[in-house]
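Q: I'd like to learn how to read a structure like this one. Can we walk through it together?

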Amino acid sequence: MNESDAEHYAGQLKELGYVQAEDFHHADVIVVNTCCVRESAEKRIAGKIGELKAVKTANPNVIICIAGCMAQKDGERLLKKYPQIDILLGTSYVNDFKRILVEYDKTRSIYCELRTGNSMEFEGQKVRLSPFHAWIPIMYGCNNFCTYCIVPYVRGRERSRTQEQILAEIRQAVTQGYKEFTLLGQNVNSYGKDFDDKNAFAKLLRAADAIDGVERLHYMTSHPRDMNEDVILAVAEGRHISHHFHVPVQSGSTEILRRMNRGYTREKYLDLIRTIRKHVPDAVITTDIIVGFPGETEADFIDTLSLVETVGFDAAFTFIYSKRSGTPAAKMDNQVPLEVKKDRLNRLMETENKYSLQKNKMLIGKVVEVFAEGATKNKNVWSGRTRENKLVLWDVEDKVYRVGDAVQVKIDTAQTWLVKGKTVECHN
Ligand code: SF4
């Protein structure tokens, strides 16, 4: 979502006649688009804002804008701590950036816009980061209030774009040469609930899939409680919808899921996985897991390990619970000591890595179609992703590739997070 917002800021700067600077030391406007989902992200951003002090001293005319979730959460504190900030922009004002920048330039007095709930109509120009893969926001905000999560407090309540707006954006991107699309929302399975259509997301998937020129269609992120069979059937019956299901479970313990306010049990989650596999037998299933949530006992953690073994995920993004002030979980008793969290994270990764490797080994000998993303650090090796989002590396040998090329790669090596192979042919 932040990448998509960044494309929107860049689009508005372009409309004002700005061009991209070679690096931020030479920029007239700097936008730091922030994230506060974890403490580690905030620490990195604080370091980045600190660095900008020297830039402001060297060039007092530079306009420094801090935008996004951390601006929304810590606005006043940031302004006090970092006098180099000129504009503070909350998450509801991405679309107003151009107007605010022009106003600021006239007055040169600190601008702070942090009210939430502004209805956003992201219909302006974007400067997309990829030449072939377009992020398409379908909704903003979240109503779920998982007890560990700061997102609903900083991104506000759910607001869905209309199907017409979304399809128009996809059609326009197709005319610009885009062929891969990711529909974005904090909880895409809630799409359309604000206009009383519980099946709106499945309908949207089918409609987007029917657009000529859409060669791959993804969506993120799903919520296991809201993912219904209609969505799974839309994927199963779709022409170009990825068979990758990213279904964040967060914990394998029903008691911890209750304390997280996730709205499903371990059994319900496993039912969902069975339904996915029934309709989409070749589904690639990935997840997110938090270890060390307050009150997580060793038995709860063992439930998580056993769920990982039962499902056999293709990959899992694993995190140590990070206390976010202002969320209910931050005030819960029985916070788990860091050493215990680290130990559990290691054991979880060790377990999951076995399955990730096993799943990737199943690709050995197969030919997969990859959309080329570019050279790796080693210029002789390129990387790209399959329709199911598997990362693939291949040797370029004497061939010339362009970003976005569809490349057929025969897989010969599997690792935990990626596979490698040799090209068979390439369609530009
Ligand atoms: S559904 Fe996702 S974004 Fe919403 S509160 Fe839960 S974890 Fe946060």
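A: Sure. Start with burial across the whole chain: buried residues make up 39% of the 428 residues in the protein chain. Keep in mind as we go that this is a predicted model.

Q: What radius of gyration does the protein chain have, and what would a compact globule have?

A: The idea is to compare the chain with a rule for globules. A compact globule of 428 residues would have a radius of gyration near 22 Å, and the protein chain has 22 Å, so the two agree. Along the principal axes, the C-alpha atoms fill a box of roughly 60 × 60 × 45 Å.

Q: How many helices and strands does the secondary structure come to?

A: The protein chain has twelve helices and 17 strands. You can also ask how far along the sequence the contacts reach. Counting contacts between residues at least 6 apart in sequence, 70% join residues at least 24 apart.

Q: Let's take one strand. Are the residues of β8 buried or exposed?

A: Strand β8 covers residues 180–184, and five of its five residues are buried. Here's the general idea for reading a strand. In a regular strand the side chains alternate between the two faces of the sheet. In this case E180, T182 and L184 sit on one side of β8, with F181 and L183 on the other, and all of them are buried. That leaves both faces of β8 covered.

Q: Which strands does β8 pair with, and in what sense?

A: For pairing, look for bridges and the direction of the strands. Strand β5 (residues 133–137) pairs with β8 in the parallel sense over five bridges, and W135 stands opposite T182 in β8. Strand β9 (residues 216–220) also pairs with β8 in the parallel sense, over five bridges. There, E180 has R216 in β9 as its bridge partner.

Q: Which helix joins β8 and β9 in a β-α-β unit, and what is the hand of that unit?

A: Follow the path from one strand over the helix to the other. Here the helix is α7 (residues 200–209), and together with β8 and β9 it makes a right-handed β-α-β unit.

Q: Where does D196 lie, and what is unusual to check in its backbone?

A: Check the sign of phi. D196 has a positive phi of about 60° although it is not a glycine. The residue lies in the loop between β8 and α7. D196 is exposed, because just 7 other C-beta atoms lie within 10 Å, and the cut-off for exposed is 12 or fewer.

Q: Which peptide bond is cis?

A: For this one, read omega. The bond from M220 to T221 is cis, with omega near 5°. T221 is placed in the loop between β9 and α8 (229–237).

Q: How do β13, β14 and β15 pair?

A: These strands give you antiparallel cases. β13 (residues 367–375) and β14 (residues 381–385) run antiparallel and are joined by four bridges, with F371 opposite R385 in β14. The two form a hairpin with five residues between them. β14 then pairs with β15 (residues 391–395) in the antiparallel sense over five bridges, and V381 stands opposite D395 in β15.

Q: Which residue takes a positive phi in the hairpin of β14 and β15?

A: That's N389, with phi near 75° in a hairpin that has five residues between the strands. N389 is not a glycine either. With 18 C-beta neighbours inside 10 Å, N389 counts as partly exposed.

Q: What surrounds the ligand?

A: List the shell, then sort it by residue type. The shell holds C142, N144, F145, C146, C149, V151, P152, Q186, N187 and H223. These divide into six nonpolar, four polar and no charged residues.

Q: Is D303 buried or exposed, and what does it touch?

A: Count neighbours, then look at contacts. D303 is in helix α11 (residues 298–311) and is buried, because 20 other C-beta atoms lie within 10 Å. Leaving out residues up to four places away in sequence, D303 touches G252, S253 and R266.

Q: And L129: where does it lie, and what does it touch?

A: L129 lies in the loop between β4 (111–113) and β5. Its 13 C-beta neighbours inside 10 Å make L129 partly exposed. Not counting residues up to four places away in sequence, L129 touches E3 and E7.

Conventions
Residues are numbered from 1 along each chain as its sequence is written. This is a predicted model: local features need pLDDT of at least 70, side-chain atom pairs count only at pLDDT 80 or more; totals for chains, interfaces and linings use all residues. A residue is near a molecule or strand if its C-beta atom, placed from the backbone, lies within 6 Å of it. Ala, Val, Leu, Ile, Met, Phe, Trp, Tyr, Cys and Pro count as nonpolar, Asp, Glu, Lys and Arg as charged, and the others, Gly among them, as polar. Two strands pair if DSSP finds at least two bridges between them. A crossover is right-handed if, with the strands pointing away from the viewer, the path from the first strand over the helix to the second runs clockwise. The radius of gyration is taken over C-alpha atoms; the globule rule is 2.2 Å times the number of residues to the power 0.38. Two residues are in contact if their C-beta atoms, placed from the backbone, lie within 7 Å.
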